[in-house]
Amino acid sequence: MSESLSAIAKMIDHSLLHPTLTDQDLIAGCQLARKYDVASVCIKPYAVPLAKEQLQGSDVFVSVVIGFPSGSHKIEIKVKEAEMALDDGAAELDMVLNIGKALSRDWEYLRREIKAVNDVAVRRNALLKVIFETDYIAQDELRIQLCHLCSELAVAFVKTSTGYNYVRQPDGQMTYAGASDHVIQLMRRECPPSVQVKAAGRVKTLDDVLRVRSLGATRVGATTTAEILEEAKRRGFKD
């Protein structure tokens with residue numbers, strides 16, 4: 001039996017987050033997402049109305065980043081940003097949690113932050129994806145605690161990375177691991193089935209998508225959407 005092309009497409013949040021993207025780039029990205037019928041476009045807060053207009057009449061949702069990419073905004077700002085994005089037509093929220101508070105093990109603060117934004121999402125029938133930024137939160141102990149907290153608060157997704165926060169390596173180079181096998185497996189193991197896993201950061205090829213899916217991820221963030229799905233077609237994936 002051949003693989004389903006639409007099943008792969010509906011795993012993809014097409015990422016339109018680079019700071020240099022112009023309005024024309026964003027429009028082209030939305031049209032690409034519409035052509036391939038992906039799950040959503042993941043877009044900057046100011047561009048939600050533009051994306052909503054471009055995707056009108058399609059089955060592609062608008063995802064919006066909250067507290068992106070540092071996670072350092074005050075809780076009240078994240079809540080307001082979420083409310084405004086939903087007012088503008090977003091259906092999904094990708095929120096970077098407060099990384100410094102996670103490293104400080106301030107679980108009460110993080111509980112208040114995640115609950116406040118998730119309450120907005122639930123009230124508005126939207127989905128919240130909580131971004132851990134696992135290159136910064138590198139200790140498994142902290143990742144596990146965050147999975148348990150997100151599970152307790154019943155968020156829709158836990159997510160690995162933004163893809164925009166780089167860590168200095170011993171050789172001085174700035175890079176990131178992103179959606180590593182280890183992190184995805186940990187997230188899937190430590191969360192109940194009701195909390196899905198989104199893999200983002202270094203998911204660039206069809207084989208990457210198939211690999212993270214086999215580890216338990218049900219959604220991916222990608223900029224190379226066309227390349228992934230055209231490769232799927234070449235391999236005989238059918239609608």
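## Briefing on a predicted single-chain model

P45 counts as partly exposed, its relative accessibility being 27%. This residue belongs to a predicted model, and in that model P45 sits in the loop that runs between β2 (40-43) and α3 (48-54). The protein chain around P45 has a secondary structure of ten helices and ten strands, and 51% of its 239 residues count as buried. The points below begin with the whole chain and then take up individual residues, helix α9, the cysteines and the backbone.

**The chain as a whole**

- The radius of gyration of the protein chain is 17 Å, which agrees with the value near 18 Å that a compact globule of 239 residues would have.
- Taken along the principal axes, the box filled by the C-alpha atoms of the protein chain is roughly 45 × 40 × 40 Å.
- When contacts in the protein chain between residues at least 6 apart in sequence are considered, 69% of them join residues that are at least 24 apart.
- The protein chain exposes about 10700 Å², and 52% of that area is supplied by carbon and sulfur atoms.

**P45 and its surroundings**

- Leaving aside residues up to four places away in sequence, P45 touches V64, V65 and E81, of which V64 and V65 fall within strand β3 (61-66) and E81 within helix α4 (75-88).
- P45 and A85 are 40 residues apart along the chain, yet their C-alpha atoms are separated by 6.2 Å.

**S40 in strand β2**

- S40 lies in strand β2 and is buried, with a relative accessible area of 0%.
- The side chain of S40 is joined to that of S63 by a polar contact of 2.8 Å.
- With residues up to four places away in sequence not counted, the residues that S40 touches are I12, D13, H14, V60, F61, S63, E92 and R219, so that S63 appears both in this list and as the partner in the polar contact.

**L26 in helix α2**

- L26, a residue of helix α2 (residues 23-36), counts as buried at 0% relative accessibility.
- Not counting residues up to four places away in sequence, L26 is in contact with L16, L21, I43, Y46, A47 and L50.
- From C-alpha to C-alpha, L26 and V79 are 25 Å apart in space, while in sequence they are 53 residues apart.

**Helix α9 and what covers it**

- In helix α9 (residues 206-214) the buried residues are L206, D208, V209 and V212, and these lie on the same side of α9 because they cover an arc of only 160 degrees around the axis.
- As background to this arrangement, an α-helix has 3.6 residues a turn, so residues three or four places apart point the same way.
- The cover over the buried residues of α9 includes three helices and two strands, namely α1 (5-9), α8 (181-190) and α10 (225-234) together with β9 (196-200) and β10 (219-222).
- Just after α9, G216 adopts a positive phi of about 120 degrees.

**Cysteines**

- With a disulfide requiring two cysteine sulfur atoms within 2.5 Å, the count of disulfides comes to zero.
- C147 is in no disulfide, the nearest cysteine sulfur being that of C191 at 3.8 Å, and C147 is buried with a relative accessible area of 0%.
- C150 is likewise in no disulfide, and the nearest cysteine sulfur, again that of C191, is 6.8 Å away; C150 counts as buried at 0% relative accessibility.

**Backbone geometry in the loops**

- F68 and P69 are joined by a cis peptide bond whose omega is about -5 degrees, and P69 lies in the loop between β3 (61-66) and α4 (75-88).
- R105 is not a glycine but has a positive phi of about 60 degrees; R105 is found in the loop between α5 (99-103) and α6 (107-123), where it is partly exposed with a relative accessible area of 39%.
- R202, also a residue other than glycine, has a positive phi near 70 degrees; R202 lies in the loop between β9 and α9 and counts as partly exposed at 40% relative accessibility.

Key: Residues numbered from 1 in each chain as written. Predicted model: local features only at pLDDT ≥ 70, side-chain atom pairs only at ≥ 80, totals over all residues. Heavy atoms only, no water. Buried < 20%, exposed > 50% of the residue type's maximum accessible area, 1.4 Å probe, protein only. Helix = DSSP H or I, 4+ residues; strand = E, 2+ residues; numbered from the N terminus. Arc of directions from axis to C-beta. Contact = heavy atoms within 4.5 Å. Rg over C-alpha atoms; globule rule 2.2 N^0.38 Å. Areas by Shrake-Rupley, 256 points an atom, 1.4 Å probe, with all protein chains shown as cover. Polar contact = N/O pair within 3.5 Å; in protein donor to acceptor, adjacent residues only side chain to side chain.
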